[in-house]
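Thanks for coming. I have one structure to go through today, and I will keep to what can be read from the model. Please have it open while I talk.

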Amino acid sequence: MATSTITTTETETPPLKLTLAYDKEVHEQYKYSAYLPVYDEKTQFPALQPFEFNDRGLVAKKEKPNLFAKENADLKVTKLTPVIGTEIRGLQLSQLNDQQKDELALLIAERGVVVFRDQDFKDIGVEKQKEFGRYFGPLHIHPVGSHVRDNLELHNIYLGPDNQYRNQRSTKRLTSTGYHSDVSYERQPPGITILTLLSVPPTGGDTAWASQTAAYARLSPPIKALLEGLRAEHSGFPQADNARRDGKFVRREPVATEHPIVRVHPATGQKALFVNPGFTKRIVGLRDEESEALLKLLFTHITQGQDFQVRVRWEEGTVALWDNRVTAHTAISDYNVHNPQEGLRHGFRITTLAERPTGVNGLESTWE
Ligand SMILES: O=C(O)CCC(=O)C(=O)O
Ligand SMILES: [Fe+2]
């Protein structure tokens, strides 16, 4: 995992132990070297506290007259598929006013994922990047992941040849894809995630999203009725245990939460499946075999439903924003990080927390 260790200047007491997750010499010329991944292995965080959440999409006009202003002749809005995904050109995230951001929140909820092209977002600096994220909800700090130095809210995505952690990790799985909803085990799990790539490989490294509203809508009425009354356990323990096993630091003790399997989005009122292969472990109240069979059915449905998925190719300047309450997503690790010709994939994720999930007939998330 660690290639070298550095400490911050004497002005900081006690010194932060930061472990680089990359080889310093390789990146001397890199424009975004300040964003390269490090591990703060010192700062510990208490359990996340409950907070009141107001979805920005609730106050937005459905027609989105501000986001899609008629005066903007450069604006190009394209549906990537009929079911999920919208691409926007001719609009800078960094320039949006509050009304536009409210409408964007609603658009992300409706379309699952919104892909902004040709953005200057990566060049506006970490403070403005964090401020943009905070508009939508409090920023999540990842319990184990690498991050941008001094900015734990900027979770790092880094697939360089010198990512020792990744190099050492072995898997017995046939595929590297892993659909998930970001840290869905939290009590108030994320709403909008904002993913910015700073370095994009010439080909490969796409990201795919599945619509959980469409996945839910396809189910037969008896299965819908069954699922609407059930909760499933989402657990952060395996992630923390694996990190500890690999010698990584765990900044916040993991939690497990029982969330409604069918979740209602506060702004759209739409129902969505809220289970994912990444973090959902069992259905509460069922026998083991029943839970396993039902989760297998749902995971197969979600991951194989290409007719309600979208796969996005990253371009220089692309920023993707998705709503974790109504989608699942996966990185597509299809290129060889050890081949310099295949380029570097590097970016950061800003993850905004949302409401305590509510299901049908007010079914709420619970925990012990
Ligand atoms: O790197 C990607 O394509 C997605 C990674 C991911 O799951 C995330 O940023 O939440
Ligand atoms: Fe993710």
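I will start with the whole chain, go on to the strands and the ligand, and finish with three single residues.

First, a caution: this is a predicted model, and local features are taken only where pLDDT is at least 70.

Now the chain as a whole. It has seven helices and 19 strands. Its radius of gyration is 20 Å, and the globule rule gives 21 Å for 368 residues, so the chain is as compact as a globular protein of that length. The C-alpha trace spans about 60 × 55 × 40 Å along its principal axes. Of the 368 residues, 42% are buried. As for the contacts, take those between residues at least 6 apart in sequence: 79% of them join residues at least 24 apart.

Next, one strand in some detail. Please find β19, residues 345-353. How many of the residues of β19 are buried? Nine of nine, so to the eye this strand should look mostly covered. The cover is on both faces. On one side the buried residues are Arg345, Gly347, Arg349, Thr351 and Leu353. On the other side they are His346, Phe348, Ile350 and Thr352. Note that the list includes two arginines, Arg345 and Arg349, and that both are buried.

Which strands pair with β19? One is β8, residues 151-159, which runs antiparallel to β19 and is joined to it by five bridges. If you want a pair to click on, take asparagine 156, whose bridge partner in β19 is phenylalanine 348. Another is β9, residues 190-199, again antiparallel to β19, this time over seven bridges. There, leucine 197 stands opposite glycine 347 of β19.

Two small sheets come next. The one I take first is an open sheet of three strands in the order β16-β10-β18, and the pairing is antiparallel. Its edge strands are β16 at 309-312 and β18 at 327-331, each of which pairs on one side only. From one strand to the next, the twist averages 20 degrees. Strand β10, residues 207-211, pairs with β18 over five bridges. Within that pairing, tryptophan 209 has histidine 329 of β18 as its bridge partner.

The other is also an open sheet of three strands with antiparallel pairing, and its order is β12-β11-β15. Here β12, at 256-260, and β15, at 280-283, are the edge strands, pairing on one side only. The twist in this sheet averages 30 degrees from one strand to the next. Three bridges join β11, residues 231-235, to β15. Alanine 232 is the residue that stands opposite isoleucine 283 in β15.

Now the ligand. Which residues are around ligand 1? They are Ile157, Asp182, Thr193, Leu195, Thr207, His329, Ala331 and Arg349. Two elements, β9 and β18, give two or more residues to this shell. By class, the shell has three nonpolar, three polar and two charged residues. Some of these names have come up already. His329 is the bridge partner of tryptophan 209, and Arg349 is one of the buried residues of β19.

Last, three acidic residues away from that discussion. Glutamate 131 lies in helix α2, residues 126-134. Is glutamate 131 buried or exposed? It has 12 other C-beta atoms within 10 Å, and a residue with 12 or fewer counts as exposed, so glutamate 131 is exposed. For a sense of distance, glutamate 131 and alanine 69 are 62 residues apart in sequence and 24 Å apart in space, C-alpha to C-alpha.

Aspartate 118 sits in the loop between β6, residues 113-116, and α2. It is not a glycine, yet its phi is positive, at about 55 degrees. Aspartate 118 counts as partly exposed because it has 15 C-beta neighbours inside 10 Å.

Aspartate 150 is in the loop between β7, residues 147-148, and β8. Its phi is positive as well, about 70 degrees, although it is not a glycine. With 13 other C-beta atoms within 10 Å, aspartate 150 is partly exposed.

That is what I have for this model.

Conventions: Residues are numbered from 1 along each chain as its sequence is written. Chains are lettered from A and ligands numbered from 1 in the order in which they are written. This is a predicted model: local features need pLDDT of at least 70, side-chain atom pairs count only at pLDDT 80 or more; totals for chains, interfaces and linings use all residues. A residue is buried if 20 or more other C-beta atoms lie within 10 Å of its own, exposed if 12 or fewer, and partly exposed in between; C-beta atoms are placed from the backbone. Helices (H or I, at least four residues) and strands (E, at least two) are DSSP runs, numbered from the N terminus. Two strands pair if DSSP finds at least two bridges between them. Axes are lines fitted to C-alpha atoms, for helices over the stretch in contact, and angles run from 0 to 180 degrees between N-to-C directions. A residue is near a molecule or strand if its C-beta atom, placed from the backbone, lies within 6 Å of it. Ala, Val, Leu, Ile, Met, Phe, Trp, Tyr, Cys and Pro count as nonpolar, Asp, Glu, Lys and Arg as charged, and the others, Gly among them, as polar. The radius of gyration is taken over C-alpha atoms; the globule rule is 2.2 Å times the number of residues to the power 0.38. Two residues are in contact if their C-beta atoms, placed from the backbone, lie within 7 Å.
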